[in-house]
Amino acid sequence: MPRVIACEEEGVIGLDQCVDALARDGFDPRVEESLMLAALHLRQLGNDRRFLGDLIARELADRESVPDAQSYGPQSIVLSPARSGAFLRANIWPSETDQPLVASGRAAFQYDLPHDHNFNFLTLGYFGPGYRSDYWEYDYEAAIGYREQRVPLVPKGRQQLTPGKLMLYRAHVDIHRQLPPESMSVSLNVMHVDGACGWLDQYAFDVEQGTISDRLGAGSSEAFIRIAVSLQSEAACDLAERFGRTHPSDRMRYACWEARAAVAQNETARDALWREAEGAGSLLVAKEAARRRRELAG
């Protein structure tokens, strides 16, 4: 399960101070000193009980403002730009009775979905009782990544991100299934930024079956190749054929075959394409191609 970090610091810093401190010290979770400094800064920011409410109120009051450092989504508020390998984020966790969850459903907030992450991050319980999570660990190096692949999952129990609890989620190690808190809660995160993360897989799991159920977080290159092939670009089709056999990322290879299959003229042509993919030199592609052929066969 994620590493619980003991940090009883009582000092308080504001958001700007925290951003500057992280920019100065960075966040490399592989280096203990860097990890503990980032944890200290997050703890000190968490001790400021008003900064987030003040920030939200300020933005709501200024109807003409266009936030530059802050980006907003239905659940996340990005509090700083990426600097020195890290950025700050606040996450909002609605309870089962809160309107956002009632209106959008649990899946919109990734509740009940066992998954890992392809990046490291620190999290701190900031407001409310905190979400609960069931935890497992697995061996990322043993995972090829195709759907229905069996992977040994080691149960690690359940924890709650209570106010003040500070945890390090480890990339490609910790799997968690989040459950709604008893009432609206907020967590603060220090997110590790690494350019390689976009090419590293993140998975969803069927923990009852002990299998990988899906690959998450498709990169922009995968989306672009699908769009370009669907537009019937001859150059894109040629590139997808080449990348499907030679690209260093198995996930990108599969995206290329999937893009070509999507524009195949009929099911016979689609089956022939997936049969070709089975021998294209990637175990992940071969396993997925065999599954797609089974689906076509009914």
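Me: Which way round does α5 pass α7, right-handed or left-handed?
Reply: In this model, which is predicted, helix α5 passes helix α7 in a right-handed crossing.

Me: And what about the distance and the angle between those two axes?
Reply: The axes of α5, which covers residues 220-230, and of α7 come within 9 Å and cross at roughly 20°. That angle makes α5 roughly parallel to α7, because an angle under 35 degrees counts as roughly parallel.

Me: Which residues meet there?
Reply: From α5 the residues are Ser221, Glu222, Ile225, Arg226 and Val229, and on the α7 side they meet Arg251, Met252, Ala255, Cys256, Glu258, Ala259 and Arg260.

Me: How is α7 placed against α9, then?
Reply: The axes of α7 and α9 come within 9 Å and cross at roughly 35°, and here, too, α7 passes α9 in a right-handed crossing. The contact is made by Asp250, Arg253, Tyr254, Trp257 and Glu258 of α7, together with Leu284, Val285, Glu288, Arg291 and Arg292 of α9.

Me: What do the side chains of arginine 292 and glutamate 258 do?
Reply: Those two side chains meet in a salt bridge, with 2 atoms that you can look for in the structure, a nitrogen and an oxygen, at 3.0 Å from N to O. Arginine 292 lies in helix α9 (residues 283-297) and glutamate 258 in helix α7 (residues 250-262), so the pair ties together parts that are 34 residues apart in sequence.

Me: Is glutamate 258 buried or partly exposed?
Reply: Glutamate 258 is partly exposed, as its relative accessible area is 21%, and the cut-off for buried is under 20%.

Me: Which residue does arginine 291 bridge to?
Reply: The side chain of arginine 291 meets that of glutamate 295 in a salt bridge, at 2.8 Å from N to O. These two residues are four apart in helix α9, so about one helical turn separates them.

Me: How buried or exposed are the two partners?
Reply: Arginine 291 is buried, with a relative accessible area of 12%, whereas glutamate 295 is partly exposed, with a value of 48%.

Me: Which residues are linked with them in a network?
Reply: The network of salt bridges links Arg147, Asp214, Arg215, Arg226, Glu258, Glu288, Arg291, Arg292 and Glu295.

Me: How many salt bridges does the structure hold?
Reply: The structure holds 25 salt bridges. One of them is formed by the side chains of arginine 106 and aspartate 112, at 2.5 Å from N to O. Arginine 106 is partly exposed, with a relative accessible area of 26%, and aspartate 112 is also partly exposed, at 33%.

Me: Changing topic to strands: what order do the three strands of the open sheet come in?
Reply: The order is β7-β6-β9, and the pairing in this open sheet is antiparallel. The edge strands are β7 (154-160) and β9 (174-179), each of which pairs on one side only, and the twist averages 20° from one strand to the next.

Me: What holds paired strands together in general?
Reply: Strands of a sheet pair through backbone hydrogen bonds, and they can do this in a parallel or an antiparallel way.

Me: Over how many bridges do β6 and β7 pair?
Reply: Strand β6, which covers residues 132-137, pairs with β7 over six bridges in the antiparallel sense. To find one position in the structure, start from glutamate 137, whose bridge partner in β7 is valine 154.

Technical notes. Residues numbered from 1 in each chain as written. Predicted model: local features only at pLDDT ≥ 70, side-chain atom pairs only at ≥ 80, totals over all residues. Heavy atoms only, no water. Salt bridge = Lys/Arg side-chain N within 4 Å of Asp/Glu carboxyl O. Buried < 20%, exposed > 50% of the residue type's maximum accessible area, 1.4 Å probe, protein only. Pairing = 2+ DSSP bridges. Axes fitted to C-alpha atoms, helices over the stretch in contact; angles between N-to-C directions. Parallel < 35°, antiparallel > 145°, perpendicular 65-115°, else oblique. Left-handed = near helix turned anticlockwise from the far one by under 90°. Contact = heavy atoms within 4.5 Å.
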